[in-house]
2 protein chains.
Amino acid sequence: MTALTDVARRAGVSPATASRVLSGSGPASADARARVRSAADALGYRTHPVARMFARGRGTRIVLAIRDANRSILSDPFVSRAAAAVAEVADTAGLGVALRRLPLDCETDLAELAADRSVAAVLLAGHDHRLPARLPRALHGRSATIGAAGADVDSGAGIGALLRHLHATGRRRIAMVAGPRWVAAARTPLDAYATFVADAGLPVRTVAGDFTTARGRVAARRILRTWPDTDAIVAVSDATALGVLDALSALGVRVPGDVAVTGFDDSPLAAAARLTSATHPVERIAAYAADAALRGGEARRLFPSRPKLRASCGGTDSTA
Amino acid sequence: MTALTDVARRAGVSPATASRVLSGSGPASADARARVRSAADALGYRTHPVARMFARGRGTRIVLAIRDANRSILSDPFVSRAAAAVAEVADTAGLGVALRRLPLDCETDLAELAADRSVAAVLLAGHDHRLPARLPRALHGRSATIGAAGADVDSGAGIGALLRHLHATGRRRIAMVAGPRWVAAARTPLDAYATFVADAGLPVRTVAGDFTTARGRVAARRILRTWPDTDAIVAVSDATALGVLDALSALGVRVPGDVAVTGFDDSPLAAAARLTSATHPVERIAAYAADAALRGGEARRLFPSRPKLRASCGGTDSTA
DNA sequence: CTGTTAGCGCATTCAC
DNA sequence: GTGAATGCGCTAACAG
């Protein structure tokens with residue numbers, strides 16, 4: 001195993017200079033640069049990331065810390081997609097990703113993360129407005145938030161775009177199957193809906209949901225029972241929308257003829273069911289947050305939520 | 001930051017002893033053990049995983065190396081689920097996961113992985129029977145295979161169980177939408193199907209697919225055109241089965257009345273569409289492989305593929 | 001711009 | 001069973 005010392009010796013410079021050249025940080029003359037470079041690849045030198053991180057006093061892993069009450073994490077596609085995306089980014093930096101679930105009350109867990117010397121950066125997900133108060137100082141320059149006030153989907157705009165499309169195609173009695181009230185991320189779509197129907201002078205028709213298919217079935221039945229003339233149902237999750245479609249089909253209601261249906265997140269479910277949805281760059285969001293956390297910068301940014309029109313609302317789009 | 005030295009001093013022992021106690025490897029008297037332990041948590045000592053790995057000369061990350069021609073990895077739920085599962089296992093070991101995609105011809109990539117000093121273990125996925133020949137020696141005690149001859153789903157048994165169920169419920173003209181011929185993992189289901197229909201004296205009806213929904217639609221139409229009396233369609237992926245369902249519905253064929261349909265993998269798609277499928281412990285498989293790779297043992301093991309009966313084949317199961 | 005000097009925190013030889 | 005020494009490979013101060 002050839003080490004930096006070997007490269008330095010062969011290049012006729014000191015280890016420090018070799019380090020500066022190879023790690024790219026620190027001054028070095030063009031001459032030194034060239035000699036170190038050529039010595040390095042003459043020797044087939046491969047840097048030792050662990051030694052480097054150790055010397056720098058930095059950690060080697062990015063922890064994706066998901067706050068959630070249920071065990072739903074394992075099955076939540078959003079989480080696993082994010083984890084995979086971060087794992088791919090991490091690879092290029094010689095790092096790795098660890099996934100940890102935090103209880104709702106996560107003060108001590110955050111403290112532990114802050115004290116863990118192997119942690120290079122922390123990506124927080126599932127947190128609410130109380131996070132800043134809880135975040136240990138030691139995590140300040142090396143953490144980023146996904147969702148909430150960090151890197152997030154502009155779900156308000158996404159829902160708004162879907163609503164505008166429905167309105168433009170003649171729907172006037174639009175119901176929404178919302179998320180649970182206690183989930184912070186569920187408020188934005190609801191607000192967007194409220195604003196839209198108020199502006200357009202449409203009736204308000206909302207039912208609480210929980211992102212599941214089963215709940216979507218129930219919600220659809222309730223909506224049609226309460227407001228039989230409903231001509232569109234907007235669900236804030238694809239799974240819920242699938243449940244809606246299923247219930248409508250069982251009731252003999254035609255989609256999109258009688259009722260248009262939309263989902264949210266553009267999961268494989270949506271494409272398979274020809275469900276209109278809103279597509280979100282989950283991978284890009286996660287990668288962006290990881291990058292920000294590693295850089296030490298703030299990660300406040302909204303990513304576009306784009307409508308993906310499919311058959312469930314008379315859309316013209318193909319499967320894709 | 002309190003280090004091992006501090007603990008040793010407070011416990012009145014040498015750093016070496018403290019190390020032996022805390023790392024659990026090496027002899028230590030009960031007395032020393034106790035004193036070190038109490039000193040450690042009196043001081044709130046937290047080990048420094050990076051320093052430890054560095055001293056041991058081991059890496060800090062598990063690389064999930066997926067071999068695949070297309071870019072489908074990012075969107076493949078199987079991969080992201082596996083990544084998330086491994087990331088969760090890694091966390092408990094103070095490690096992290098990196099995700100890397102390898103081209104079909106991956107000799108050099110494997111060599112690079114073997115030379116990377118930050119790599120603790122490698123998890124190979126998407127490889128075929130030529131893998132053993134390609135695997136660098138340096139990777140021998142620290143790698144495991146997912147799929148192929150490693151930790152895999154017993155898909156033959158899974159397909160067999162689905163076929164038996166269909167047969168037991170009266171289906172006698174069962175068609176299969178298979179996977180692409182060039183995908184190694186697609187052969188097992190096909191063989192299981194061939195064996196089953198031969199044994200049961202049923203007609204052979206297979207159509208090649210590619211795991212996509214779009215292809216499922218095409219396949220369903222082709223099947224009904226070629227063999228109009230088909231009474232069951234077995235697809236080797238949920239997405240494909242969804243396409244089948246969709247096409248059948250468009251053709252006015254009733255499910256499960258006229259034709260029963262089954263998928264494979266029990267993805268969220270299946271639950272949402274009330275599709276009978278076979279459920280696989282992807283997370284457990286990935287975790288098992290990770291564990292095996294870290295231990296240095298071989299990881300040859302088949303995990304059960306269990307039928308999940310739902311409405312698409314007259315099943316009684318609830319949504320779940 | 002460069003070399004010298006010190007570690008980073010821990011695990012591991014070896015004597016004892 | 002224990003301790004003293006040594007080194008993992010690299011980076012970060014400093015002085016030049």
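These questions and answers concern a predicted model of two protein chains with DNA strands C and D.

Q: What makes chains A and B related as by a two-fold rotation axis?
A: Two copies of a chain are related by a rotation about an axis and a shift along it. Here chain A can be laid on chain B with an RMSD of 0.1 Å by a turn of 180 degrees, with a shift of 0.0 Å along the axis, and the two copies are thus related as by a two-fold rotation axis. In chain A, the C-alpha nearest that axis belongs to A:Gly96, 1.9 Å from it.

Q: How do you know that the copies meet through the same surface?
A: Of the interface residues of chain A, 100% are also interface residues in chain B, so the copies meet through the same surface.

Q: Why are residues such as A:Ser29 and B:Ala3 said to surround DNA strand C?
A: A residue is counted as near a strand if its C-beta atom, placed from the backbone, lies within 6 Å of it; 29 residues surround DNA strand C, and A:Ser29, B:Ala3, B:Leu4, B:Ala16 and B:Ser19 are the closest. Elements giving two or more residues to this surface are α2, α3 and α4 of chain A together with α2 and α4 of chain B, and the largest share, six residues, comes from α2(B).

Q: Which residues come nearest to DNA strand D, and which elements give two or more residues to the surface near this strand?
A: Of the 29 residues around DNA strand D, A:Ala3, A:Leu4, A:Ser19, B:Ser14 and B:Ser29 come nearest. The contributing elements are α2 and α4 of chain A together with α2, α3 and α4 of chain B.

Key: Residues numbered from 1 in each chain as written. Chains lettered and ligands numbered in written order. Predicted model: local features only at pLDDT ≥ 70, side-chain atom pairs only at ≥ 80, totals over all residues. Least-squares fit on C-alpha atoms with pLDDT ≥ 70 in both. Contact = placed C-beta atoms within 7 Å. Helix = DSSP H or I, 4+ residues; strand = E, 2+ residues; numbered from the N terminus.
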